[in-house]
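Open the model in your viewer and colour it by chain. This tour tells you what to select at each stop and what to look for there.

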Amino acid sequence: MSSFRIFNIAGSALSAQNVRLNTVASNLANADTVASTPDAAYRARQPVFSTQAVPGGGVGVAVAKVTQSAEQPQRQYQPGHPLADAEGYVYAANVNVVEQMANMISASQSYRSNLELMNTAKDLMLRTLNVGR
Amino acid sequence: MFGSLPAALRVHGQRLETLASNIANADTPGFKAREIDFRAALTAAGGQAIRPATTQPGHLPGASVGPARLVWRVPLQPSADGNTVDTQIEQAKFADAAMRYEATLRFMDGRMRSLISAITGD
């Protein structure tokens with residue numbers, strides 16, 4: 001606590017959880033999109049976290065990469081659809097909405113607990129500043 | 001003047017940082033939760049650890065303290081991605097560490113106030 005490292009640690013976690021919430025948002029936003037080929041279909045994105053050393057001690061967190069789901073897009077028969085291929089099929093995004101909602105709850109809880117951490121650290125720092133007054 | 005209080009404050013601060021790292025990495029695959037061995041850290045930081053007195057030649061000295069200060073936490077339940085952080089436990093420990101930090105701060109504050117009143121003579 002001699003420096004402000006807790007703020008760096010919890011701050012890195014806040015930003016990483018924010019990236020996670022953003023990917024959930026784009027996954028949910030694209031849950032109903034379709035495409036005319038399996039390659040062009042939207043694939044669910046998911047960030048992968050890794051540890052990141054904070055100068056002077058402590059371990060923060062960083063987003064190592066954002067992966068795309070390997071699951072095959074759903075093939076749906078919709079001959080009237082303007083994006084349908086020659087056989088009348090469209091390819092829907094492979095987003096599992098329930099999974100995304102669970103992921104969102106988990107991310108927001110992690111965000112909140114890191115925020116609490118920062119608040120506690122801030123209070124302790126202020127009290128340290130006021131020693132002897 | 002303050003005895004081992006500044007060292008204790010520093011170690012409590014380090015413990016808060018370690019627990020903050022654990023909570024920050026609650027979702028990182030393969031991360032292993034860590035904890036500070038307070039007594040070893042306090043001794044290393046120059047504070048006085050409490051040891052049994054050796055008054056007789058047959059008495060054994062107190063437990064020796066190694067340089068290792070960070071220890072791994074033993075997980076209560078395994079997770080598929082190898083992460084051993086249990087957020088609830090870490091939060092409880094963080095609250096505990098914050099309280100101890102504040103208690104140490106109060107003691108320091110008391111000493112400081114006594115000194116100030118001795119100097120000003122109020």
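Start by selecting chain B and following its elements from the N terminus, where the order is α-β-α-β-α. That makes three helices and two strands. Keep in mind throughout that this is a predicted model. Of the 122 residues in chain B, 29% are buried. Now consider the contacts within chain B between residues with a separation of 6 or more: 79% of them link residues 24 or more positions apart.

**Stop 1: where the chains touch**

Show both chains and select the residues of chain B that are in contact with chain A. There are 25 of them, and they meet 27 residues of chain A. On the chain B side, helix H1 (5-24) and helix H3 (87-120) each supply at least two residues. H3(B) gives the largest share, 12 residues. Colour this side of chain B by residue type and you should find 13 nonpolar, six polar and six charged residues.

**Stop 2: a long helix in chain A**

Select residues 97-129 of chain A, which form helix H2. H2(A) has 33 residues and spans 48 Å from its first C-alpha to its last, close to the 48 Å expected at 1.5 Å a residue.

Next, highlight the buried residues of H2(A): Ala107(A), Ser110(A), Ser113(A), Asn114(A), Leu117(A), Thr120(A), Ala121(A) and Leu124(A). An α-helix has 3.6 residues a turn, so residues three or four places apart point the same way. What do the buried residues of H2(A) pack against? Show helix H1 (5-29) of chain A, then H1 and H3 of chain B: these are the partners.

**Stop 3: two helices side by side**

Keep H2(A) and H3(B) on screen and hide the rest. Two packed helices are described by the angle between their axes and the distance between the axes. Here the axes come within 10 Å and cross at roughly 5°. Angles under 35 degrees count as roughly parallel, and H2(A) and H3(B) are therefore roughly parallel to each other.

To see the contact itself, select Ser113(A), Leu117(A), Thr120(A), Leu124(A), Arg127(A) and Thr128(A) in H2(A). Facing them in H3(B) are Thr87(B), Gln91(B), Phe94(B), Ala98(B), Tyr101(B), Glu102(B) and Leu105(B). The residues of this contact divide into six nonpolar, five polar and two charged.

**Stop 4: a sheet in chain A**

Go back to chain A and select strands E1, E5 and E4, which form an open sheet in the order E1-E5-E4 with antiparallel pairing. Strands of a sheet pair through backbone hydrogen bonds, either parallel or antiparallel. Strand E1 (34-35) and strand E4 (74-77) are the edges, each pairing on one side only.

How many bridges join E1(A) to strand E5 (residues 89-92)? There are two; find Val34(A) and look across to its bridge partner, Ala92(A) in E5(A). E4(A) and E5(A) are paired over four bridges. In that pairing, look for Tyr77(A) opposite Tyr89(A).

**Stop 5: one residue up close**

Finish at Arg45(A), which is in strand E2 (residues 45-53) of chain A. Is Arg45(A) buried, partly exposed or exposed? Arg45(A) counts as partly exposed because it has 17 C-beta neighbours inside 10 Å, whereas a buried residue needs 20 or more. Beyond its neighbours within four places in sequence, Arg45(A) is in contact with Thr23(A), Ser26(A), Asn27(A), Val66(A) and Gln68(A). For a last distance, select the C-alpha atoms of Arg45(A) and Ile6(A): these residues are 39 apart along the chain, and the two atoms are separated by 29 Å.

Notes
Residues are numbered from 1 along each chain as its sequence is written. Chains are lettered from A and ligands numbered from 1 in the order in which they are written. This is a predicted model: local features need pLDDT of at least 70, side-chain atom pairs count only at pLDDT 80 or more; totals for chains, interfaces and linings use all residues. A residue is buried if 20 or more other C-beta atoms lie within 10 Å of its own, exposed if 12 or fewer, and partly exposed in between; C-beta atoms are placed from the backbone. Two residues are in contact if their C-beta atoms, placed from the backbone, lie within 7 Å. Ala, Val, Leu, Ile, Met, Phe, Trp, Tyr, Cys and Pro count as nonpolar, Asp, Glu, Lys and Arg as charged, and the others, Gly among them, as polar. Two strands pair if DSSP finds at least two bridges between them. The expected span of a helix is 1.5 Å times one less than its number of residues. Axes are lines fitted to C-alpha atoms, for helices over the stretch in contact, and angles run from 0 to 180 degrees between N-to-C directions. Angles under 35 degrees count as roughly parallel, over 145 as roughly antiparallel, 65 to 115 as roughly perpendicular and the rest as oblique.
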